[in-house]
Amino acid sequence: MSDSKSQYSSGSAGQKALAQLDASLKKKLDNASARAARFHTNWQPVNLNDFVDRFAPGSTAQRSGSKIIFQTDGSNLQVVCDVAAGSCRMKDTTIHSRRCYLDINGNVLGNKTLPGGKQIGRPIEEYNAMTHFRILKREEM
Amino acid sequence: MDHNNRYLLSVPHNINSLNEFPEGMLWEDIEFEDFEISEVDYDNLFDLFCQFNQEFDIFIDEYEEEEITPDKIQAAVKMTEEYAKKAPAEVKKSTEKLLSALRRAADLSKPLELFF
């Protein structure tokens, strides 16, 4: 089993060090930190090792600015981790425009079903809350 | 691995906020008018987006979706025009793309959605 959490932590530390020399990257990390501080209590916790093993098995961490991405070769699913926010999302790369982030079970979340059974569009705040996941710290795993 | 992310500015024609769907309206019923920007445009506009975040209490970022509501569009237009005045030519081109989207949203009294 891969230790994706170690790869994430190592990549994250590297990008944070780089940000001390790169004002633009630092601003991006600060922006993400502010978002996490505001919303992280709404995000479902995930064990990154289990999450990557399920949705991007065998992949290795790739750095991309303020993100670290796991994607199995040939797969349409990306686990996109935020360096500063301590969070991740799952993206379906075959959805090219909007609502391309999936819930914790890999479901598309364009709509929701109301108690009476009718469907309605899912509000953006709810969508965001359901498609961000808080990466568990090592001691929580 | 394809890291290429799309940077889509969208004005929905038939909804006033993605937080308030009228009864019976589904996600796929929304009619969007799109104004795509490039990764270079995004980087050119990043400082301005940070100003939007602070002013409007939102969180525009890569790999995120955000909404500038109709009541904030005029302020966003003014901030973008001010940003353009001090910007070099290349950044000015990026601000023009954003202004096109913001002005369209203002004309229709609709929000601007940012799908990054």
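This is a dialogue about how to read a predicted model with chains A and B.

Colleague: Where should I begin with chain A, and how many helices and strands does it have?

Modeller: A sensible start is to list the elements and then follow their order, keeping in mind that the model is predicted. Chain A has four helices and nine strands, and along the sequence they follow the pattern α-α-β-α-β-β-β-β-β-β-β-α-β. The radius of gyration of chain A is 16 Å, close to the 14 Å that the globule rule gives for 141 residues, so chain A is as compact as a globular protein of that length. Along the principal axes, its C-alpha atoms fill a box of roughly 55 × 35 × 35 Å.

Colleague: What share of the residues of chain A count as buried, and what share of its contacts comes from residues 24 or more positions apart?

Modeller: Of the 141 residues in chain A, 37% count as buried. When we take the contacts with a separation of 6 or more, residues 24 or more positions apart account for 54% of them.

Colleague: How do I read a strand, and which way do the residues of S3 in chain A point?

Modeller: One reads a strand by asking about its two faces and then about its partners. In strand S3 of chain A, residues 67-70, A:Lys67 and A:Ile69 point one way while A:Ile68 and A:Phe70 point the other way, and all of them are buried.

Colleague: Which strands are joined to S3(A) by bridges?

Modeller: Strand S2 of chain A, residues 62-64, runs antiparallel to S3(A) and is joined to it by three bridges, with A:Arg63 having A:Ile68 as its bridge partner. Strand S4 of chain A, residues 77-82, also runs antiparallel to S3(A), and here there are four bridges, with A:Val79 as the bridge partner of A:Phe70.

Colleague: What should I look for in the turns of these hairpins?

Modeller: It helps to look at how many residues lie between the strands and at the backbone angles there. The hairpin of S2(A) and S3(A) has two residues between its strands, and A:Gly65 in the turn has a positive phi of about 60°. In the hairpin of S3(A) and S4(A) there are six residues between the strands, and A:Gly74 takes a positive phi near 85°.

Colleague: Why look for a nonpolar core at all?

Modeller: The reason is a general one, because in soluble globular proteins nonpolar side chains tend to be buried together. In this model the largest nonpolar core has 27 residues, and those with the most contacts inside it include A:Phe51, A:Val79 and A:Ile135. The elements that give two or more residues to this core include helix H2 (23-39), S4 and strand S9 (133-135) of chain A, while its largest share, four residues, comes from H3(A). If we leave aside residues up to four places away in sequence, A:Ile135 touches several residues, among them A:Tyr8, A:Leu48 and A:Cys81. Apart from that core lies another, of 19 residues, among them B:Val11 and B:Leu48.

Colleague: How many residues does each chain give to the contact between A and B?

Modeller: The contact takes 24 residues from chain B and 29 residues from chain A. On the side of chain B that touches chain A, the largest share, three residues, comes from H1(B), and by class that side has twelve nonpolar, four polar and eight charged residues.

Colleague: Is B:Lys93 buried or partly exposed?

Modeller: B:Lys93 has its place in helix H3 of chain B, residues 89-108, and it counts as partly exposed because it has 14 C-beta neighbours inside 10 Å.

Note on methods
Residues numbered from 1 in each chain as written. Chains lettered and ligands numbered in written order. Predicted model: local features only at pLDDT ≥ 70, side-chain atom pairs only at ≥ 80, totals over all residues. Buried ≥ 20, exposed ≤ 12 C-beta atoms within 10 Å, placed from the backbone. Pairing = 2+ DSSP bridges. Rg over C-alpha atoms; globule rule 2.2 N^0.38 Å. Contact = placed C-beta atoms within 7 Å. Nonpolar A, V, L, I, M, F, W, Y, C, P; charged D, E, K, R; others polar. Core = buried A, V, L, I, M, F, W, Y, C linked by C-beta atoms within 7 Å.
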